[in-house]
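Notebook open, model loaded. I want to jot down what I look up as I go.

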Amino acid sequence: QDPAYRAGRKEASVSEETKEKLSAAMKARWQTAAAAGQPGPTAGPNAGAANRTHSEERKAKIAEAVRRRWTDAEYRERALAGIRRHAERRREARANATGREGSGGPGRRRATVATPRRRAAKI
């Protein structure tokens, strides 16, 4: 690394007292997680949450909230408009990539295999 950069960062660093406090707090969090049989925290209050699953009760609450949301006409229209916009953008991108308007397929035709009968027909 650049020595000038490192020298500047040394002056901006936290005090030794703050480092000790942070170290002690993180050690306590790791020990608590280990005692509970969970993976240790990395940073922040929700760290590691991506690897956890919701309980059945929580899943039911989320599902109910989503069902209620879809009964609201304004929300439903906004959501459907967004879905339509996304689908149209994908169709346009696919058409631009293949050079074919409105193609729903992969963009190129399947290559035909030269069988003995086809070879004979060409000769």
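Leaving aside neighbours within four places in sequence, which residues is Trp70 in contact with? I looked it up: Trp70 touches Tyr75, Arg76, Ala79 and Leu80. Worth writing down straight away that this is a predicted model.

**Entry: Trp70.** I placed Trp70 in helix H3. Buried or exposed, or something in between? I got 26% relative accessibility for Trp70, so it counts as partly exposed, since the buried class needs a value under 20%.

**Entry: H3 against H4.** Next I checked how the two helices meet. H3 covers residues 56–71 and H4 covers residues 73–98. Their axes are 5 Å apart, and the packing angle comes out at about 95°. That angle makes H3 roughly perpendicular to H4, because the 65 to 115 degree window counts as such. On the H3 side I listed Arg69, Trp70 and Thr71. Their partners in H4 are Ala73, Tyr75, Arg76, Ala79 and Leu80. Sorted by class, I have 5 nonpolar, 1 polar and 2 charged residues in this contact.

**Entry: H2.** I then went to helix H2, residues 16–35, which is 20 residues. From first C-alpha to last, H2 reaches 28 Å, close to the 28 Å expected at 1.5 Å a residue. How many of the 20 residues of H2 are buried? The number is 1, so H2 lies largely in the open. After H2 I noted Gly37, where phi is positive, near 75°.

**Entry: whole chain.** I count 5 helices and 0 strands, and the pattern along the sequence reads α-α-α-α-α. The chain has 123 residues, and buried ones make up 7% of them.

**Entry: confidence.** I left this check for the end. Mean pLDDT for the chain is 77, with 65% of residues at 70 or more. Where is confidence lowest, and where highest? The low is helix H5, residues 116–122, at a mean of 60. The high is H3, at 94. Reminder to self: where pLDDT is low, the predicted coordinates should not be read in detail.

Technical notes. Residues are numbered from 1 along each chain as its sequence is written. This is a predicted model: local features need pLDDT of at least 70, side-chain atom pairs count only at pLDDT 80 or more; totals for chains, interfaces and linings use all residues. Side-chain values use heavy atoms; hydrogens and water are left out. Axes are lines fitted to C-alpha atoms, for helices over the stretch in contact, and angles run from 0 to 180 degrees between N-to-C directions. Helices (H or I, at least four residues) and strands (E, at least two) are DSSP runs, numbered from the N terminus. Angles under 35 degrees count as roughly parallel, over 145 as roughly antiparallel, 65 to 115 as roughly perpendicular and the rest as oblique. Contact means heavy atoms within 4.5 Å. Ala, Val, Leu, Ile, Met, Phe, Trp, Tyr, Cys and Pro count as nonpolar, Asp, Glu, Lys and Arg as charged, and the others, Gly among them, as polar. The expected span of a helix is 1.5 Å times one less than its number of residues. Buried means under 20% relative accessible area, exposed over 50%, partly exposed in between (1.4 Å probe, protein chains only). pLDDT is the predictor's confidence in each residue, from 0 to 100.
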